[in-house]
Amino acid sequence: MKRFVSGESRSQATLFPELLDDFVSEDNPVRAIEAFVEALDLRQLGFKGVDPHATGRPAYHPAVLLKIYLYGYLNRVQSSRRLEREAQRNVELMWLTERLAPDFKTIADFRKHNGKAIRATCRDFVVLCRRLGLFSQAIVAIDGSKFKAVNNRDRNFTFAKMKRRAEEIEKSIEHYLRQFDSADRGVPAVTEAQTAQLKEKIAALTEEVQQLQAIEIQRTQAPDQQISLTDPDARSMTTRGTGVVGYNVQTAVDNRHHLIIAHEVTNVGSDRSQLSRMANQARDASGIKDLTVVADRGYFKGEEILECHKAGITTYLPKPKTSSSQAKGMFPREAFLFIPESNGYRCPAGERLIWRFKTVEKGQTLHCYWSSACPTCTMKGQCTTGTYRRIKRWEHEDVLESVQSRLDQKPEMMRLRRQTVEHPFGTLKAWMGATHFLTKSLKNVSTEMSLHVLAYNMKRVMKILGTKGLIQAMRA
């Protein structure tokens, strides 16, 4: 072929480098994996098989299998069967494992049986980042995202799904029975073959009803009234658009380098009870005592914010707008100004709401205020439909007011949150592909997520320091 770049003949003799080491450049990421694993104390981290048995077939050292997984997750190869093939044909992986090629069952069992140690290894790399001074910035963004589990949506059952499916089956059976009636009246359009098909469909629906009845018994016995058949720990969660059956992954990301300081996998769809736990994990991992945390309105919960305040963690997050009065065009609660000196409120009409009594609702101590002028107020139609406009104040309301005051002074913190924490989630989901998690149960999914986070953090640090810089830091 003229005027094109030509390749060499396949029968041409080729002299490859004599050493496998010559295939791997000095700044190849596999050298960073090698240095990191060799610097780990696998026995202290809890890896099984560090001390070999005196009898039986020799096993692979845990370091070899850990290197395979780190290489796989750095290069978007998470399946144990694909890792088995890569170990047999990939020159970089041959160099990393010294030409060892474990079978897929050995690779999969290593991840399954060393979950706790793998999660500890992920935390150990965060400690390394801390020693390198990569967490010098004191701002951490916290957010959660839904990741799909192995469990299909049709294999997950909630009360609403069971009710909807039962109604669909009932309508289908009624439809088929009407067709039977047409056959009994001798309608020519309904043949014997069609009658046999109708009987099969009704029998299948009757069998499905029996299966649903058995599932309903299991569902009612579950703590959250929900059951998943493929992955028992996966839960149905609401997302933008359609729901997803999976897990809620919480992360704390530093705003300077976008490194994931702390993470946790939960099967609770809401973020409302996650703030203080993730903030404390981020503070312990980063070593920053005066930590500043920013989150979205989904984390707003008085008790969680109070816990952060007691721990000395400064929080920035907006309050959700759930007032039904404001939706109707009435004065929102924020229109009433609290006066600490007199322990009362001033309403938009200029009247004073005085303290009336103290009560406890849902474990919170609340103080109730209202004004005697409400029945004759000219602005009552814009304020309340009842006799009085009652304002309830939590005993720690001043903590929530300080959060709102800080956010009013620095509204750019919410933009900082989006720029910081959305990037890692988008990157991880792109690496995972459409299926997201490959393993089942909360314990195994947490291990899989730790491998993703470790690979993400390693790639980020190699981008920041360079591969040689990271190797030197780990060997030091």
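This passage describes helix packing, surface exposure and salt bridges in a predicted model.

Helix α6 comprises residues 104-113, and its buried residues include Ile107, Phe110 and Arg111. These residues span an arc of only 90° around the helix axis, which places them on the same side of α6. The buried residues of α6 pack against four helices, namely α3 (62-74), α4 (80-89), α7 (115-131) and α15 (442-465). The N-terminal end of α6 is capped by aspartate 103, with a side-chain oxygen 3.0 Å from the backbone nitrogen of lysine 105.

Helix α4, one of the packing partners of α6, contains glutamate 86. The relative accessibility of glutamate 86 is 15%; because this value falls under the 20% limit, the residue is classed as buried despite its acidic side chain. When residues up to four places away in sequence are set aside, glutamate 86 is in contact with Val77 and Leu93.

A nonpolar patch on the surface is formed by Phe16, Phe23 and Val91, which together contribute about 290 Å² of accessible area. Phenylalanine 16 is located in the segment that precedes α1 (29-39). With a relative accessible area of 60%, phenylalanine 16 is exposed.

Helix α13 (residues 397-409) includes glutamine 404, a residue that is partly exposed at 31% relative accessibility. Glutamine 404 and proline 318 are separated by 86 residues in sequence, yet their C-alpha atoms lie 6.8 Å apart in space.

The structure contains 16 salt bridges. In one of these, glutamate 264 pairs with arginine 277, and the closest N and O atoms are 3.1 Å apart. This pair connects distant parts of the chain, since glutamate 264 belongs to strand β6 (residues 260-266) and arginine 277 to helix α10 (residues 275-286), with the two positions 13 residues apart in sequence numbering. Arginine 277 is partly exposed, its relative accessibility being 33%.

A further salt bridge joins arginine 333 to glutamate 397, with a distance of 3.8 Å between the closest N and O atoms. Arginine 333 is situated in the loop between α12 (324-327) and β9 (337-339), whereas glutamate 397 is part of helix α13; the pair therefore ties together parts of the chain that are 64 residues apart in sequence. The two partners fall into separate accessibility classes: arginine 333 is partly exposed, with a relative accessible area of 24%, while glutamate 397 is buried, with a value of 7%.

The side chains of glutamate 422 and arginine 417 also form a salt bridge, with an N to O distance of 3.7 Å. In this pair the acidic residue, glutamate 422, is partly exposed, with a relative accessible area of 37%. Its basic partner, arginine 417, is buried, with a relative accessible area of 8%. Finally, salt bridges link Glu34, Glu38 and Lys67 into a network.

Terms used: Residues are numbered from 1 along each chain as its sequence is written. This is a predicted model: local features need pLDDT of at least 70, side-chain atom pairs count only at pLDDT 80 or more; totals for chains, interfaces and linings use all residues. Side-chain values use heavy atoms; hydrogens and water are left out. Buried means under 20% relative accessible area, exposed over 50%, partly exposed in between (1.4 Å probe, protein chains only). The arc is that of the directions from the helix axis to the C-beta atoms. Contact means heavy atoms within 4.5 Å. A polar contact is a pair of N or O atoms within 3.5 Å; within protein, one must be able to donate a hydrogen and the other to accept it, and residues adjacent in sequence count only if both atoms are side-chain atoms. Patches are made of residues with over 30% relative accessible area and no salt bridge: like charges are joined within 9 Å, nonpolar side chains (Val, Leu, Ile, Met, Phe, Trp, Tyr) within 5 Å. Accessible areas come from the Shrake-Rupley method with a 1.4 Å probe; for residues, only the protein chains shown count as cover. A salt bridge is a side-chain nitrogen of Lys or Arg within 4 Å of a carboxyl oxygen of Asp or Glu.
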